[in-house]
Amino acid sequence: MKFLAIAVLTLVVAVALPASANSVTYTWNFATTPNQSLGTSTYGYTSNGITITATGSTNLFYKVGGGDETGLGLDNCPGHSCDHEIEPGEAIDFNLSSLFSKNVTGISLILGSIQPGETGSVCDAFGTCMTFTSGNDFKSTSIMSLFTDMKAHHSGTLIITAGSGDVLVDQLQVTTSVVPEPSSLLLMGSGLVGMAGIIRRKLGC
């Protein structure tokens with residue numbers, strides 16, 4: 001009978017705590033207005049109440065050129081023709097410190113316009129970097145290890161530049177998990193203990 005009671009209790013816990021119920025996803029897309037300068041080097045992007053800030057080495061530029069030629073770049077050539085992408089020696093910095101108060105379980109980045117032989121460089125403020133190659137072009141790529149290093153150093157600065165060629169920043173996506181408050185855990189625990197007692201009495205254990 002004890003084994004039956006334990007099995008029932010386990011089932012109750014599994015039903016009461018679905019894995020995805022407390023997950024929240026934040027998505028920031030960085031090319032919403034085609035081929036237009038923002039007229040500023042700093043801009044805030046908000047998703048589900050969380051704001052992250054982008055700061056460019058020149059004014060930010062939304063590029064929509066089709067395919068992987070879509071994303072946030074730089075208005076880096078006023079007065080003459082250029083492709084408005086991030087080139088070596090230029091950068092867009094993102095301040096992600098607003099995410100430090102969240103229990104981040106996943107964070108991914110999409111960079112575009114990485115042609116064969118070109119690379120993108122994604123770094124924190126302490127020299128820890130990830131290299132994006134043409135194999136990562138326009139694909140969601142986890143930067144969780146980099147974010148963990150950023151959080152350990154208490155600095156939310158994420159620096160995106162080109163190692164060679166040029167790149168665009170298309171999307172950042174973050175998944176968080178809500179950690180139950182201690183009072184909620186205590187209440188749930190008390191309820192489960194009470195339920196276990198009722199089951200034992202019903203089963204005559």
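Which residues does W28 touch, not counting residues up to four places away in sequence? In this predicted model, in which local features need pLDDT of at least 70, side-chain atom pairs count only at pLDDT 80 or more, and totals for chains, interfaces and linings use all residues, W28 touches Y45, T46, S47, I50, I52, L99, D170, Q171, L172 and V174 outside that window, a contact being defined by heavy atoms within 4.5 Å. Residues are numbered from 1 along each chain as its sequence is written, and side-chain values use heavy atoms, with hydrogens and water left out.

The secondary structure of the protein amounts to three helices and 13 strands, where helices (H or I, at least four residues) and strands (E, at least two) are DSSP runs numbered from the N terminus. Of the 205 residues, 36% count as buried, buried meaning under 20% relative accessible area, exposed over 50%, and partly exposed in between, with a 1.4 Å probe and protein chains only. The accessible surface comes to about 10500 Å², of which 58% belongs to carbon and sulfur atoms; such areas are computed by the Shrake-Rupley method with a 1.4 Å probe, and for residues only the protein chains shown count as cover. Among the contacts in the protein with a separation of 6 or more, 66% are accounted for by residues 24 or more positions apart.

In soluble globular proteins, nonpolar side chains tend to be buried together. The largest nonpolar core here has 36 residues, and those with the most contacts inside it are W28, L72 and F94; a core of this kind is a set of buried Ala, Val, Leu, Ile, Met, Phe, Trp, Tyr and Cys residues joined through side-chain atoms within 4.5 Å. Strand β8 (residues 104-112) contributes the largest share of this core, four residues.

An open sheet of six strands follows the order β3-β4-β7-β12-β9-β10, with antiparallel pairing, two strands being paired if DSSP finds at least two bridges between them. Strands β3 (42-47) and β10 (129-132) stand at the edges with a single partner strand each, so one side of each is left without a neighbour in the sheet. From one strand to the next, the twist averages 25 degrees; axes are lines fitted to C-alpha atoms, for helices over the stretch in contact, and angles run from 0 to 180 degrees between N-to-C directions. Helix α2 (residues 144-152) lies across β9 (119-124), β10 and β12 (157-164), and runs at about 30 degrees to β9.

At the β3 end of the order, six bridges join β3 to β4 in the antiparallel sense, with T46 standing opposite T51 in β4. These two strands form a hairpin with two residues between them, and N48 in the turn has a positive phi of about 50 degrees. Strand β4 (residues 50-56) is in turn joined to β7 by four bridges, again antiparallel, and N95 in β7 is the bridge partner of T53. N95, which lies in strand β7 (residues 92-95), counts as partly exposed at 37% relative accessibility. Beyond four places in sequence, N95 touches I52, T53 and G156; the C-alpha atoms of N95 and G156 are separated by 5.1 Å, although the two residues are 61 apart along the chain. The side chains of N95 and S97 are joined by a polar contact of 2.7 Å, that is, a pair of N or O atoms within 3.5 Å, of which, within protein, one must be able to donate a hydrogen and the other to accept it, residues adjacent in sequence counting only if both atoms are side-chain atoms.

Toward the other edge, five of the six residues of β9 are buried, so this strand is largely enclosed by the rest of the structure. Strands β9 and β12 pair in the antiparallel sense over six bridges, T119 standing opposite S164 in β12, while four bridges join β9 to β10, also antiparallel. S121, found in strand β9, is buried with a relative accessible area of 17% and stands opposite T131 in β10. Leaving aside neighbours within four places in sequence, S121 is in contact with C129, M130, I159, I160, T161, A162 and G163.

Most residues other than glycine have a negative phi. H84, in the loop between β6 (70-74) and β7, nevertheless has a positive phi of about 60 degrees, and H84 is buried, with a relative accessible area of 17%.
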